[in-house]
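The following exercises are to be worked with the sequence and the three-dimensional model at hand. Each task is followed by a stepwise solution.

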Amino acid sequence: MSDIGLKPKLQQKTKVEKPKLYKVILLNDDYTPREFVVLILKAEFRLDMAQAEVVMLTAHQKGACVVSVYPKDVAETKTTRAIDAASKLGYPLQLSVEPE
């Protein structure tokens, strides 16, 4: 027998990098009604009633609260839609998007 060794070919695995996540932060203001904030949190961010109330109250008491964490494009889209809905009714609701 020959001394030639057969080596299996190694396949290169492509590593898929997970998308960076961004926090959507609800900022407190003294003009947007609490009920409207809860409504937006339920409709746009899919929080249930209890979660929405906790987020709204935390933002009210502490000045800001993380609503949820998403990939950048989702976070920006949800934030824009929520702010647009509030501005149509004349509310100054503010949300920001920050890297996690």
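**Exercise 1.** Which residues are buried in α2?

The model is predicted, so local features need pLDDT of at least 70 and side-chain atom pairs pLDDT 80 or more, while totals for chains, interfaces and linings use all residues. Residues are numbered from 1 along each chain as its sequence is written, and side-chain values use heavy atoms, without hydrogens and water.

Step 1. Buried means under 20% relative accessible area, exposed over 50%, and partly exposed in between (1.4 Å probe, protein chains only). Helices (H or I, at least four residues) and strands (E, at least two) are DSSP runs, numbered from the N terminus.

Step 2. The buried residues of α2 are A52, V55, M56 and A59. Viewed down the axis of α2, the buried residues fall within an arc of 95°, so they line one face of the helix; the arc is that of the directions from the helix axis to the C-beta atoms.

Step 3. An α-helix has 3.6 residues a turn, so residues three or four places apart point the same way.

Step 4. V54, Q61 and K62 are exposed on the face of α2 turned away from its buried side.

**Exercise 2.** Identify what the buried side of α2 packs against, and place V38.

Step 1. The buried residues of α2 pack against β1 (21–27), α1 and β2.

Step 2. V38 belongs to helix α1 (residues 34–45) and is buried, with a relative accessible area of 8%.

Step 3. Leaving out residues up to four places away in sequence, V38 touches M49, A52, E53 and M56, where contact means heavy atoms within 4.5 Å.
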